[in-house]
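Grab a pencil and work through these short exercises with the model open beside you. Each task comes with a worked solution.

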Amino acid sequence: MPDDIVLRLDRATAEDLYAALYEVGEHIAAGAPITRPTTEEVGRLGSLLQDLGHALGRRCSPYCEHL
Ligand SMILES: [Zn+2]
């Protein structure tokens, strides 16, 4: 489908994404604490967020030239 978005994730990023979504879900559902991510996790999730934003047509900054 032309409107689909496909992102390919390495295993570490996929694990980080799973953990982040799971923890946010548990936080919303039951107030469970969200653990602070490591520097490496922040880097991987930040790159994922930027890639997803670009795939959605969003600029990552006012000066973004990735689109
Ligand atoms: Zn950008």
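Of the 67 residues of the protein chain, 3% count as buried (20 or more other C-beta atoms within 10 Å of a residue's own, with C-beta atoms placed from the backbone; 12 or fewer is exposed, and in between is partly exposed). Before you start, note that this is a predicted model, where local features need pLDDT of at least 70 and side-chain atom pairs count only at pLDDT 80 or more, while totals for chains, interfaces and linings use all residues. Residues are numbered from 1 along each chain as its sequence is written.

**Exercise 1.** Work out how many helices and strands the protein chain has, and why it is described as more spread out than a compact globule.

*Solution.* Start by counting: the chain has two helices and zero strands (DSSP runs numbered from the N terminus: H or I of at least four residues for helices, E of at least two for strands). Next, take the radius of gyration, which is 14 Å, well over the 11 Å that the globule rule gives for 67 residues, so the chain is more spread out than a compact globule. (That radius is taken over C-alpha atoms, and the rule is 2.2 Å times the number of residues to the power 0.38.)

**Exercise 2.** Check the span of helix α1 against the expected one, then do α2.

*Solution.* The expected span is 1.5 Å times one less than the number of residues. For the 20 residues of α1 that gives 28 Å, and the end C-alpha atoms are indeed 28 Å apart. Helix α2, residues 39-55, has 17 residues and reaches 24 Å, close to the 24 Å expected. Now look just past each helix: G31 follows α1 with a positive phi near 75°, and G57 follows α2 with a positive phi near 85°.

**Exercise 3.** Describe how α1 and α2 meet.

*Solution.* First, the axes (lines fitted to C-alpha atoms over the stretch in contact, with angles from 0 to 180 degrees between N-to-C directions) come within 9 Å and cross at roughly 90°. The two helices are therefore roughly perpendicular (65 to 115 degrees; under 35 is roughly parallel, over 145 roughly antiparallel, the rest oblique). The contact (C-beta atoms, placed from the backbone, within 7 Å) involves A12, T13, D16, L17 and A20 of α1 and E41, R44, L45 and L48 of α2.

**Exercise 4.** Is D16 buried or exposed?

*Solution.* Find D16 in helix α1. Count its surroundings: with 21 other C-beta atoms within 10 Å, D16 is buried. Then list its contacts: D16 touches E41, R44 and L45, leaving out residues up to four places away in sequence.

Methods
Two residues are in contact if their C-beta atoms, placed from the backbone, lie within 7 Å.
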